[in-house]
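Dear colleague,

I am passing the structure below on to you, together with an account of what came out of going through it. Please read the notes beside the coordinates.

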Amino acid sequence: MEPTTRLRLLLLILALAWSAPAHGQEAAGIGPTEEPPRIAVQDIPKDSAIQRRLAAILAQIDGLQDVRVEVQSGVVTLSGSVPSSRFTREVMDLARRTEGVLFVEDRLDEEVDLRARLRPAAQKFRELGASTLRVLPVALVAIAVVALFWFLGRVVGNRGHWLKRFGLTDLSAGLGRRVARTLVTGIGILIALEILDATAVVGALLGVAGVAGIALGFAFRNIVENYLAGVLLSARNPFGIGDQVQVGEFVGKVVRLTSRDTVLMTLDGNHLRIPNSMIITSAMTNFSRNPLRRFEFQVGVSVDLDLVAARDLGVATLKRMRGVLPDPGPQGLISELGDSTVQLCFLAWIDQRRSDYLKARSEAIRLVKAAFDEAGIEMPEPIYRVHLREPGGPKPAAPPAPPPSARAEEADVGADRTIDDQVAEELRSSDEENLLQPGS
């Protein structure tokens, strides 16, 4: 047998042995694997045709021009140098997929020279630079459009006085200016993307913006709530500078309203910051919106007294007190009947612009107690007492009304301006934003 015939027979046996496991797997039920498309060779797959076909393909691939191809009896031998191992794998796969190839022998060497390694990257950068130069005029036009619309947005945002014509407050107008500036700038960006023929990017940007908006919404939820609450408060104006308000358990006079919180000065002179969202969602009492204010207090008297006489005595005392308004006048009510006392409730109105609430109430309690003491009206302690009385005995006489007391007219119940002065000093010394206007 000739050497050439023996070599072909040996290669045929090797090819059958190499393909036998694939047939075994298919018989075992694994199923045939999808092979990549074969590279066709014109006419009969002779060694010379395979060599010419592979050499022509490798000559067109950047980085593979130095690869040499030799084909003998269906065996392809690849030699030469390649830039990296990735190119080696690609060349081997290309040779195996060529029709008529039975075996591929790898004799390729990877280049270690630095210039050879950097050559593909340099080529890519050159191509990128060339493409950039081609699209540079269009990109400059797109940038000019974005800059123009950004400038227009700034103009619209800075001239927001037209928003106040709709009755918006400063904070609401500021929010409207930001929204208008963002919309104008966004329109410019969309036009620029259309010029660049990159409108497909808009969908991706909107998706990313939606996801980012949700994430930022959860992260800055409290800040957004307080800002929107500040917008509502500035629009509704439930209080002004210097108003005494109560929010929950906090009582103080309003100093300023910011975009995040409301600053109060408590009655003991401390600064108190309450988040705007808490003020919106909580019950709030404004003691200064109505200048007239009613105070009340209770006095316990003995059950054996003439309640009408005791009540009239307290009302008469309050009528003579400085700062108590004659219209509506003071009132006295029998509020509760206890085990050892009867509770009398006295009410009177004052004008907060001239009288202080706490001082007036304190003075009223003092005067009523002094009048009851002078009249001998007993105000028993909350204890049980045993009274021994003979059957049919006379009832105790009603106490005589005391003469008018001059001290009731001389008491100082004038308005206390201490906290008001501190609020005014705070407004003068601080440059923090204030959405409330002086005198509001």
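Once its neighbours within four places in sequence are left aside, V301 is in contact with L307, S340, T341, V342, L344, F372, I377, E378, M379 and P380. The residue lies in strand β9, which spans residues 292–302, and V301 counts as buried because its relative accessibility is 0%, where the cut-off for buried is under 20%. The C-alpha atom of V301 is also separated by 10.0 Å from that of G338, although the two residues are 37 apart along the chain. Please bear in mind throughout that this is a predicted model, and that the values quoted here are computed from it.

As to the chain as a whole, it has 13 helices and 11 strands, and buried residues make up 31% of its 440 residues. Among the contacts with a separation of 6 or more, 69% are accounted for by residues 24 or more positions apart. The accessible surface of the protein chain comes to about 28300 Å², and carbon and sulfur atoms hold 58% of that area.

Two helix pairs deserve a description of their own. In general, two packed helices are described by the angle between their axes and the distance between the axes.

For the pair formed by helix α10 (residues 307–319) and helix α11 (residues 357–375), the axes come within 9 Å and cross at roughly 135 degrees. That angle makes α10 oblique to α11, because it falls neither over 145 degrees, which would count as roughly antiparallel, nor in the range of 65 to 115 degrees that counts as roughly perpendicular. The crossing of α10 with α11 is right-handed. On the α10 side the contact involves A310, L313, G314, T317 and L318, and these meet A364, L367, V368, A371, F372 and A375 in α11. Sorted by type, the residues of this contact are 9 nonpolar and 2 polar, with no charged ones. You will recognise F372 from the list of contacts of V301, and L307, with which V301 is also in contact, is the residue at which α10 begins.

For helix α2 (residues 47–59) and helix α3 (residues 85–96), the packing angle is about 145 degrees and the axes are 11 Å apart. Here too α2 passes α3 in a right-handed crossing. The contact is made by L54, I57 and L58 of α2 together with V91, L94 and A95 of α3, and its residues divide into 6 nonpolar, no polar and no charged.

Some details of the backbone may be worth checking when you prepare the model. D327 and P328 are joined by a cis peptide bond, with omega at about -5 degrees, and P328 sits in the loop between α10 and β10 (331–337). S73 has a positive phi of about 55 degrees although it is not a glycine. This serine is found in the loop between β1 (68–72) and β2 (75–82), and S73 is partly exposed, with a relative accessible area of 23%.

Finally, L190 is found in helix α6 (residues 170–195), and with a relative accessible area of 45% L190 is partly exposed. Its C-alpha atom lies 9.7 Å from that of A142, while the two residues are 48 apart in sequence.

With best regards

How values were computed:
Residues are numbered from 1 along each chain as its sequence is written. This is a predicted model: local features need pLDDT of at least 70, side-chain atom pairs count only at pLDDT 80 or more; totals for chains, interfaces and linings use all residues. Side-chain values use heavy atoms; hydrogens and water are left out. Axes are lines fitted to C-alpha atoms, for helices over the stretch in contact, and angles run from 0 to 180 degrees between N-to-C directions. Helices (H or I, at least four residues) and strands (E, at least two) are DSSP runs, numbered from the N terminus. Angles under 35 degrees count as roughly parallel, over 145 as roughly antiparallel, 65 to 115 as roughly perpendicular and the rest as oblique. A crossing is left-handed if the near helix is turned anticlockwise from the far one by less than a right angle, and right-handed if clockwise. Contact means heavy atoms within 4.5 Å. Ala, Val, Leu, Ile, Met, Phe, Trp, Tyr, Cys and Pro count as nonpolar, Asp, Glu, Lys and Arg as charged, and the others, Gly among them, as polar. Buried means under 20% relative accessible area, exposed over 50%, partly exposed in between (1.4 Å probe, protein chains only). Accessible areas come from the Shrake-Rupley method with a 1.4 Å probe; for residues, only the protein chains shown count as cover.
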